[in-house]
Amino acid sequence: MEEFSRWIEWLAQWLGDLGIPEPYRTPGALGMVYAAATLLVVLVVVILLRSTRRRSKKPEEQAAPSEEELERAREEEFLSPPEVVPPVSAEALETLPKEVPEKAPESLLDRMRSGLAKTQSSVVGRMDALLRNRARIDEELLEELEEILVTADFGVKTTRDLIESLERRCAGATDPETLRTNLQEEIRDRLRLEAAPLDLSRSAPFVIMVVGVNGVGKTTTIGKLAHQFVGQGKKVVLGAGDTFRAAAAEQLSIWGERAGVSVIRHKEGADPAAVAFDSARAAFARKADVLILDTAGRLHTKLNLMEELKKVRRVLAREIPGAPHETLLVLDATTGQNAIVQARLFKEAVEVSGIALTKLDGTAKGGVVVAIGTEVGLPVRYIGIGEGLQDLRPFDPDLFVEALFQKS
């Protein structure tokens, strides 16, 4: 207490030296002491709080280590002895999952068989079941085979031709298996007459005009063709001539981006002939190898729409000699005999020169492939057997028949 009094007297005297009047010196000294004590208490409390907060911080909230600390940690890590990993026992190895071998890619024949599975079951599967219970070839057997072919959309005319040919081929034969072999050869012979691959070297640019009704897969077919031609080293230009269907040009543009090719398009509702004109000019100026022109999904019963397709052909012919060099009609195999009706009418209206038959994998009526050549006289250029880019295949009659008739 005496020490405190001496501090008060010293502070009062110091205040007097500073010129503070006598009545205010002692109260001022006391105030200074209390203020200093309060400040000290506050400082201690702050230090205690900060210390407590540091200890409660999560590791990720801690301050980043300095460069010196990091360097010391690296040295300690490098100087520490390496971790010794014990060898895995044979028992432990047995518990590990076995490595699954990669699935071998399907051959073209297997892919074709998969795509024709429904047709194979409808035609060859039913025929094999029919022959399995017969000891000889007779009229009743041929009648039942005729029914199988008609229901698989071979068409009445094509079916009658096949049955008549089988009657001649199998005359005197008794083994029903002979019927199967001869039917396979008859179909192969007819398909060979239909098959004709595109010869893109006939012109530069080679112009393909794609026609067909809505919903058959024209835009998808064009996209897949562009992808395949680019893979062959060809420079391709696409023309978005379907200016009436909403989003048709956008869909074609997406395919163009995927394939890495240029797409010539106008606004919706524009004149398709104007698109054909600009597409031909662009293909010629860019020295393209192939120009593929999309067209609106024409109803083949509308004469005025067919006339518009003829106008597009005339415009192409004026800009590029001989164009279009291929008028490719896209048909949906699932429509069966209706596809043949479309083929006849389009052939009469716009000089169709080839067929792309899509969606064969989705139908049991693949016999329409045979009927098209027999009844319409048009070569099948491409067939679609799936959704993949490589599932639009150039038509190979030998591979088609092998896939159709091969026994499991």
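## Close-ups of a predicted model

**View 1. Strand 4, wrapped up by its surroundings.** All told, 6 of the 6 residues of strand 4 are buried, so this strand is largely enclosed by the rest of the structure. Buried means under 20% relative accessible area with a 1.4 Å probe, protein chains only; strands are DSSP runs (E, at least two residues) and helices are too (H or I, at least four), numbered from the N terminus. Val290, Ile292 and Asp294 point one way, while Leu291, Leu293 and Thr295 point the other way. In a regular strand, side chains alternate between the two faces of the sheet.

This is a predicted model, so to speak of local features takes pLDDT of at least 70, and side-chain atom pairs count only at pLDDT 80 or more, though totals for chains, interfaces and linings use all residues. Numbering starts from 1 along each chain as its sequence is written, and side-chain values use heavy atoms, leaving out hydrogens and water.

**View 2. The partners of strand 4.** Strand 2 (residues 236-241) runs parallel to strand 4 and is joined to it by 6 bridges, with Val237 opposite Leu291. Strand 1 (residues 206-211) is also parallel to strand 4 (residues 290-295), through 4 bridges; here Ile208 has Ile292 as its bridge partner. Strands count as paired if DSSP finds at least two bridges between them.

**View 3. The open sheet.** Its 8 strands come in the order 3-2-4-1-5-6-7-8, with mixed pairing. Strand 3 (262-264) and strand 8 (392-394) are the edge strands, each pairing on one side only.

**View 4. Helix 15.** In helix 15 (residues 368-376), 8 of the 9 residues are buried, including Val368, Ile372 and Glu375. Next comes Gly377, with a positive phi near 75°.

Notes. Buried means under 20% relative accessible area, exposed over 50%, partly exposed in between (1.4 Å probe, protein chains only).
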